[in-house]
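Dear colleague,

I am passing on the structure below, together with some notes on what turned up in it. Please read the notes with the structure open beside you.

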Amino acid sequence: RIDWEAMDAPQVVALVKACNPWNSGAWTSLQGQPCRLVEATPIDFFNQPGLPGSVHLAGNAGLAVVCKDGQALRIDILRMEEGFFTGPQLRTMGIGPGASFT
């Protein structure tokens, strides 16, 4: 399970990679809904301060989530009960700034 308040970006990426493909991603929750982060990419230049787990916009209407170290990860693929979604798809579903992972 991802602990956004205790894990930095490299630790989250390592856990996500370790959980694929056997577990279909690392466990987390988005707005209280259980989900699995299947793929995430570190964002090199991220200038939006926020609490660990907070959701921000990334390029091309994608989403980023802040880690403990202040670095952000672009949400590439998230598995929810309804299926697999990319960051831009989540954005079209109304997920955006103000949302949070726990």
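In S2, which residue is the bridge partner of Thr28? The partner is Cys35, and the pairing belongs to a wider arrangement in which 5 bridges join S1 to strand S2 (residues 33–42), the two running antiparallel. Strands here are DSSP runs (E, at least two residues), numbered from the N terminus, and two strands pair if DSSP finds at least two bridges between them. The hairpin of S1 and S2 has 2 residues between the strands, and in this hairpin Gln31 takes a positive phi near 55°.

Please bear in mind that this is a predicted model, in which local features need pLDDT of at least 70 and side-chain atom pairs count only at pLDDT 80 or more, while totals for chains, interfaces and linings use all residues. Residues are numbered from 1 along each chain as its sequence is written, and side-chain values use heavy atoms, with hydrogens and water left out. The chain averages a pLDDT (the predictor's confidence in each residue, from 0 to 100) of 93; among its elements, S1 has the highest mean, 97, and strand S3 (residues 55–58) the lowest, 90.

Strand S1 (residues 26–30) is largely enclosed by the rest of the structure, because 4 of its 5 residues are buried, that is, under 20% relative accessible area with a 1.4 Å probe, protein chains only. Ser29, which lies in S1, is buried at a relative accessible area of 7%. Its side chain makes a polar contact with the side chain of Thr102 at 2.6 Å (a pair of N or O atoms within 3.5 Å, one able to donate a hydrogen and the other to accept it, where residues adjacent in sequence count only if both atoms are side-chain atoms). Beyond its neighbours within four places in sequence, Ser29 is in contact (heavy atoms within 4.5 Å) with residues including Arg1, Pro34 and Phe101.

With best wishes

Technical notes
Buried < 20%, exposed > 50% of the residue type's maximum accessible area, 1.4 Å probe, protein only.
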